[in-house]
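Visitor: Hi, I'm new to this one. Could you walk me through it?
Guide: Sure, let's take a look together.

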Amino acid sequence: MDKWTGLEQTVKDEIILIYSQKMKVLDGILSNLTKDYCKHSCTQVDNIGCCNYNHYKIGVSDEILEKQVIESNMFTSGKGDYQCKYHSTSSGCQLTEYKPPICVSFLCGSLQKHIRKFDDTLGIQFIDALKDVGKANFFIHGENILATFDFAIEYGLRLEDKIFSPKDL
Ligand code: SF4
Ligand code: SF4
């Protein structure tokens, strides 16, 4: 039996609640750090970026899949297999709290370079921490999935501070 299926529902509910809180923080950081770059510099076609597959279902439990439907307000792009059903060409991903780990953690090579330009050491630490988030899987890691978020949040907040704090107060 995998690490998720055997858990009691109350334990699952608690894990999912904490997951949604941490994901919201991490997604907010990523949004601040990457949204402009992805919007204006992405070389992928049709304004779809890397949301070119139904990544929403990777590594998450059935409970998360149900929460995604509610969070997205039953949004679906209906554009077919080459575009994730939660991707809007005008407003991007419709998920914030129940985004899958693989999505919040993905930075293509050019975006990684862009982030490292702000601060190479912190940038690498953030990128490495995100890679661990990206490997997180409910069925393999169970509640241990939550631990991977903390480092990424810490380095992301430090990077935000570095980029957005007034320099000469
Ligand atoms: S991460 Fe890279 S490929 Fe994905 S949307 Fe941003 S710029 Fe485009
Ligand atoms: S970021 Fe959102 S829209 Fe893009 S693939 Fe992931 S779940 Fe789908």
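**Around the ligands**

Guide: This is a predicted model. Let's start with ligand 2, which has Cys51, His55, Tyr56, Cys84, Tyr86, His87, Cys93, Leu95, Lys99 and Cys103 around it.

Visitor: How does the shell around ligand 2 divide into nonpolar, polar and charged residues?
Guide: That shell has seven nonpolar residues, two polar and one charged.

Visitor: OK, and which residues surround ligand 1?
Guide: Cys38, Cys42, Gln44, Gly49, Cys50, Leu107, Cys108, Ser110 and Leu111 surround ligand 1. By class, they come to six nonpolar, three polar and no charged.

Visitor: Switching topic: how many helices and strands are in the chain?
Guide: The chain has seven helices and two strands. Going along the sequence, you get α-α-β-β-α-α-α-α-α.

Visitor: At what angle do α1 and α4 pack?
Guide: About 130°, and their axes are 11 Å apart. Helix α1 covers residues 9–41, while α4 covers residues 109–118. An angle between 115 and 145 degrees falls outside the other classes, so α1 and α4 are oblique to each other. Their crossing is right-handed.

Visitor: Which residues meet there, in α1 and α4?
Guide: From α1 you have Leu33, Thr34, Tyr37 and Cys38, and from α4 Leu111, His114 and Ile115. That contact has five nonpolar, two polar and no charged residues.

Visitor: Last one: what does the C-alpha trace of the chain span along its principal axes?
Guide: About 50 × 35 × 25 Å. The radius of gyration is 16 Å, which agrees with the value near 15 Å for a compact globule with 169 residues.

Conventions
Residues numbered from 1 in each chain as written. Chains lettered and ligands numbered in written order. Predicted model: local features only at pLDDT ≥ 70, side-chain atom pairs only at ≥ 80, totals over all residues. Near = placed C-beta within 6 Å. Nonpolar A, V, L, I, M, F, W, Y, C, P; charged D, E, K, R; others polar. Axes fitted to C-alpha atoms, helices over the stretch in contact; angles between N-to-C directions. Helix = DSSP H or I, 4+ residues; strand = E, 2+ residues; numbered from the N terminus. Parallel < 35°, antiparallel > 145°, perpendicular 65-115°, else oblique. Left-handed = near helix turned anticlockwise from the far one by under 90°. Contact = placed C-beta atoms within 7 Å. Rg over C-alpha atoms; globule rule 2.2 N^0.38 Å.
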